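Welcome, and take a moment to look at the model before reading on. We will go from its open spaces to its packed interior.

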Amino acid sequence: RALRSGGWLPKRLRLGSAIHRPAPAIILSAANNQHDRSDPQGMVVRSFGKRMTNRRIDIAVRKKEGLSEEDEAVGLGAELESEGAPYEQPTFQAWLHNMKGERLAIVPLEPEVFDQKIRKDILHRNIVYLDNKERGWSHAKTLTRGQIRGTTKKQFRQKGMGRARRGTRRAPHFKGGGKAHGPKPRDFTSKLPKKVRKLGKMIAVAARYQEDNLIVVDELSLLEPKTSAAARFMEVWNWESVLFVTEEDKDRNFELACRNIPNVETTTAFRFDVKKALLKEKLVFTLGGLMQLQAQLLQDRVMPLEVRQAMAEASGRRARSQGYDSQEGGLKSQRM
């Protein structure tokens, strides 16, 4: 419209500029190509940025060789099969021991859990998440100058006293005044996706497996909760830093016996985390704990029925001890 009226037109919009030049094209020769009806001379023109023309070139080459798309796919598959055996997922196994150190059997492990590449970034994110979760809330609180109790009267006049000016006694630089930039209640916890948390557990377990520091035992139980019995068990295996991972219905005597030994900690499959695994040199699983951990990592967390029943009974006892009757649906009436 501007050209017709003879008006002024910006340089970038004038005819003959770089914007109005035709897009470059590549002319590819397809000799002896009688199937491309769009170009009788056997020339296929492709402009930049158009993917459909790439497909036209591929089709023209296939028709030239006398192969269809289905034949080429079948031939490619046969060629791949002829190159070697199909891919097989690696197998992971571990010895099953008793508490005396004797080998009992070989336990197969889940490849999806133990076939992991050691990624320090995922482990770092899990450690930071667990540290922040352990830190939790900060309840420290200080009063500012606006919250301090006291008068708002000016202490003395502005001039003529020979002293520094002073407008309030609640200023932060005076004794009894408010606190400037003091701590306030805040939440230090952070969020981490569930898939990243699961991947961190897999990497931690795989790292201990690759280091040959993962041991599987049939059970961890003691007749009495004695620290000396747990210490003798540690001496048999020559362990100094161990994390014991058991099933939910663990032996209480073994847990109590290990409490007073340094660098020894017991946990369950559902309470297992990356920080506990990395802080200890050895990772010892019971057979039930290993199965529960693998099932938890491979699917959504599903607690066993007996564990849920035990938790429900514990919560019911706690509620009854606080004076709440779940059957009546309210607080018990206290008779005076």
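**Pockets, a hairpin and two cores**

The second largest pocket is lined by Gln 93, Ala 94, Trp 95, His 97, Gly 101, Arg 103, Tyr 209, Asp 212, Leu 214, Ile 215, Val 216 and Trp 237. Keep in mind that this is a predicted model. The volume of this second largest pocket is about 220 Å³. Sorted by class, its lining holds seven nonpolar, three polar and two charged residues. Strand S3 and strand S7 (214-217) each bring at least two residues to this lining, and S3 gives the most, with four.

Let us follow S3 a little further. Strand S3 (residues 92-97) pairs with strand S4 (residues 103-109) in the antiparallel sense, over six bridges. Phe 92 stands opposite Leu 109 in S4. Together S3 and S4 make a hairpin, with five residues between them. In the turn sits Gly 101, with a positive phi of about 95 degrees; Gly 101 is also one of the residues lining the second largest pocket.

Now turn to the largest pocket, which has a volume of about 540 Å³. Its lining counts 20 residues, and Lys 133, Arg 197, Lys 201, Phe 272 and Asp 273 lie nearest the centre. What classes do the residues of this lining divide into? There are six nonpolar, two polar and 12 charged residues. Helix H5 (120-135), H6 and helix H9 (274-279) each supply at least two residues of the lining, with H5 giving the most, five residues.

Phe 272 leads us inward. In soluble globular proteins, nonpolar side chains tend to be buried together. Here the largest nonpolar core has 30 residues, and Phe 272 is among those with the most contacts inside it, along with Phe 114, Val 205, Leu 283 and Phe 285. Helix H6 (residues 194-210) gives the most to this core, with five residues. A second, separate core has 19 residues, including Ala 229, Trp 239, Val 242 and Val 264.

Leu 283 offers a closer look at the contacts. Setting aside neighbours within four places in sequence, Leu 283 is in contact with Val 205, Arg 208, Asn 213, Leu 214, Ile 215, Leu 243, Val 245 and Phe 272. Two of these partners, Leu 214 and Ile 215, also line the second largest pocket.

Finally, the structure holds one cavity of 30 Å³ or more, and the largest cavity has a volume of about 30 Å³. Around this cavity are Thr 246, Lys 250, Asp 251, Phe 254, Glu 255 and Thr 266. By class, that makes one nonpolar, two polar and three charged residues.

Technical notes:
Residues are numbered from 1 along each chain as its sequence is written. This is a predicted model: local features need pLDDT of at least 70, side-chain atom pairs count only at pLDDT 80 or more; totals for chains, interfaces and linings use all residues. Side-chain values use heavy atoms; hydrogens and water are left out. On a 1 Å grid over the protein atoms alone, a cavity is a set of points where a 1.4 Å probe fits but cannot get out, and a pocket is an open set with protein on both sides within 12 Å along at least five of seven lines; lining residues have an atom within 4 Å of a point. Grid points are joined across faces, edges and corners, and a volume is the space filled by probe spheres set on the points. Ala, Val, Leu, Ile, Met, Phe, Trp, Tyr, Cys and Pro count as nonpolar, Asp, Glu, Lys and Arg as charged, and the others, Gly among them, as polar. Two strands pair if DSSP finds at least two bridges between them. A nonpolar core is a set of buried Ala, Val, Leu, Ile, Met, Phe, Trp, Tyr and Cys residues joined through side-chain atoms within 4.5 Å. Buried means under 20% relative accessible area, exposed over 50%, partly exposed in between (1.4 Å probe, protein chains only). Contact means heavy atoms within 4.5 Å.
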